[in-house]
Amino acid sequence: MDVSRFWLIWPDSPALSLLALVLLAMAFLYAARLPMHQLIRAAGHAVGGPLRMASRWLLAAAVEINDRNKAVLLAHGRRELEKRIEREFERIATLVNRDLQGYPVLQRKLADEVTTIEEDYKKCGEVPPPPPDWVEAVAAIGKIKSGGGELAMSILEGINQSINRIHDKAIAEYRKSYEARHAILEKFMPCWRAIEKTLSQVDKNISGLLDSALSVDNLMSQYEQIVAKTDKAVHALTVSALTQFGIALLVMLVAIGGTFINFKLIALPMSEMVGAADYITASLRTSEVAALVIILVEASMGLFLMETLRITRLFPVIANLGDQARRRMMWVALTLLVTLAGIEAALALMRDMLIQDKQALVQSLASVQQAAADSWVGKIPTVGQMLLGFILPFALTFVAIPLESLIHSARTVGGALLMVLARGFALLLRIAGNLIRQASRVLVHLYDVAIVLPLWFERMASGARGAPARSDAGSITLQPREES
Amino acid sequence: MNALTSRPRRLVLHTIAAAMATGLTSACGDPRNHNQAVYMLVDTSGTYVQEANKAQSIVNFLLGTLNPGDSLAVAKVESRSFNEKDIVARATFDTRPSQANAQKRAFRDKVDGYFRGRKGSAFTDITGGLLQGAEYLNETGAGSKTLVIFSDMQEELDKVTVRNFPIDLKDIRVIAVNVVKLNTDNIDPRRYLGRIEAWEKRVLAAGAKEWRVINDLERLNAIFERT
């Protein structure tokens, strides 16, 4: 018997068999309609419910992450702003100490200058002594008529001469007096200049103070916003963190490039120290790991140096050290860094020597004429490598600054990213849950479509009896509405 | 009292430190051997001895390519070659590059000295050379073992020498270099092809990892390329 035809009730008439089977199936399906509807709905709830719950949980988690991010961001921003305000106040204190401390001296100097000018001014105001009383006598004589005789003429002539002489003398005295006053006035110039200079310096100092005060005002207003936890402050801090993250990442990439160059410089000569035949993994030599370790130790020393100089604050333990211990640690880190930089320079030199040796060997093996002895130009790469080997460790020291920024800003950026992910997943889960529940409803409808004939008969029978339609047998719109 | 209490503590600390050191050593190091060992057989029989300058260039290529820590040996193929005395020069290069370079120079001088004014032998015992080479390569314990045969692959043995038995070349790559065609091969190329095929079968049956023929000396890089 053919297996594919086993379902045929009447093997000779498949259509009839199929019809019989369909009718049979319809009868069974109609009988099982209610429990099947319940089963499909229950399955939809069973799968969709947990998905919706997970979605709600993720949304709640996203809110919590957001709150925590906000708290961290505000705390960090507050701390940073406090530091900046502190620095501004320190600057103002320095300005006040430096400039306004000398203000009494400046005032005294100005007062002295003013007194000198006043005195000189008074001297300028002195007028020549008034003409003597004999001027009136001369006026009386002047009234004598010219025809008065020889004696009178002789007297008048004498008086004229005397007056001319006295006049010349008086004019000379006046000129002398004016010259003296002009000299005094000339002495005014340096005083005026000194006063102008002093006043402009005062103006500059006051402007600096005003600028600092303005900056403090701005910072304080920002601080107030942070303390008030306004959205504006949170937004500003988030944008600032994102910018910092981007910049720090860029600088870190540059630093990684520097580290790679550094690694290339010392990887080959390290094989001279630790051997070239040992492997850590299938493709990683011990010498390469040793070179990497040296670079990492240098980076660590640089980090400690920056920490002890209080430029970065990644390690609270170092920041809390006493000044003496901190200074000692700084010198230790600096000494180690200088030593390692010296070692790197030596290794860079050795690298060059090894490459030259290898080249010479290859040339001799290839029976090629050896290159002529190189001039000073050939020494440039060697010196360059040595310099790079010495400088790069110190340059990498400054990586501590972007690293600190990256770590601090990564907390904000990571938190924001996590929140977005949580919200995204929550949305997806919610959509999936709803889809499953809607699918269960569609399945219920499809089930009813499959048994449409029995349902139709049932409705007809119910109509004939005049009985009210069963709530679950009629239209699906009579089904209680599911909570979406 | 203090000393009594501190001694066990010190013992415990030392034990922990030793355990950590052992753990680190075993965890950090790769136990596999990454070094290469190359054994080069140079056929010096009959007219093939005229190809000696090519053999020298191959040795030079190997010297320039091998790394510190690798091993190289050059041996001659004569009437009977299963003998340590047939090894012309051998060296395991120092792990320090500078020392390895010095060793390579000395190696080259030694090989150059051998090839100068060399005369051909009467017979060609390639199988004996293979056995000797396999022994050397296995002794090095290198991670990659290569046997380079510089020969026309025409084995000629005297009546006394016995070589018709299975050989063991397990995990060894066998590279035949400069397999020149003989006059008889030119008459009937099937002889040449049959000879190469017979060697391939024999070498692979001996457990060799790979069999390869390189006739173009410009492509010697293929010696270290793995299929």
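**Notes on a predicted two-chain model**

1. A good place to start is chain B: of its contacts between residues at least 6 apart in sequence, 80% join residues at least 24 apart. Please keep in mind as you read that this is a predicted model. Buried residues account for 34% of the 227 residues in chain B.

2. On to the elements of chain B. Its secondary structure consists of six helices and six strands. Read from the N terminus, they follow the pattern α-β-α-β-β-α-α-β-β-α-α-β.

3. How are the strands of chain B ordered in the open sheet? The six strands run 3-2-1-4-5-6, and the pairing is mixed. At the edges sit strand 3 (87-92) and strand 6 (210-214) of chain B, each of which pairs on one side only. Neighbouring strands of this sheet are turned by 15 degrees against each other on average, with direction ignored.

4. Here is one strand pair you may like to trace in the viewer. Strand 4 (residues 144-150) and strand 5 (residues 172-177) of chain B pair in the parallel sense, over six bridges. For a landmark, take K145(B), whose bridge partner in strand 5 of chain B is I172(B).

5. Two helices worth a look pack on this sheet. Helix 3 (residues 97-115) of chain B touches strand 2 (71-77) and strand 3 of chain B, and its direction makes about 175 degrees with that of strand 3. Helix 6 (residues 189-205) of chain B touches strand 5 and strand 6 of chain B, with its direction at about 150 degrees to that of strand 6.

6. Now to chain A, and a helix pair. Helix 6 of chain A packs against helix 10 (residues 376-397) of chain A at an angle of about 140 degrees, and their axes are 10 Å apart. The two helices of chain A are therefore oblique to each other. Their crossing is left-handed.

7. Which residues of helix 6 of chain A meet helix 10 of chain A? They are A255(A), G258(A), T259(A), I261(A), N262(A) and L265(A); from helix 10 of chain A come Q385(A), L388(A), G389(A), L392(A), A395(A) and L396(A). By class, this contact has seven nonpolar, five polar and no charged residues.

8. Finally, the interface between the chains. Here 16 residues of chain A are in contact with 19 residues of chain B. On the chain A side, the elements giving two or more residues are helix 6 (231-274) and helix 9 (323-365) of chain A. Helix 9 of chain A gives the most, with six residues. By class, the side of chain A that touches chain B has ten nonpolar, three polar and three charged residues.

Key
Residues numbered from 1 in each chain as written. Chains lettered and ligands numbered in written order. Predicted model: local features only at pLDDT ≥ 70, side-chain atom pairs only at ≥ 80, totals over all residues. Contact = placed C-beta atoms within 7 Å. Helix = DSSP H or I, 4+ residues; strand = E, 2+ residues; numbered from the N terminus. Nonpolar A, V, L, I, M, F, W, Y, C, P; charged D, E, K, R; others polar. Buried ≥ 20, exposed ≤ 12 C-beta atoms within 10 Å, placed from the backbone. Pairing = 2+ DSSP bridges. Axes fitted to C-alpha atoms, helices over the stretch in contact; angles between N-to-C directions. Parallel < 35°, antiparallel > 145°, perpendicular 65-115°, else oblique. Left-handed = near helix turned anticlockwise from the far one by under 90°.
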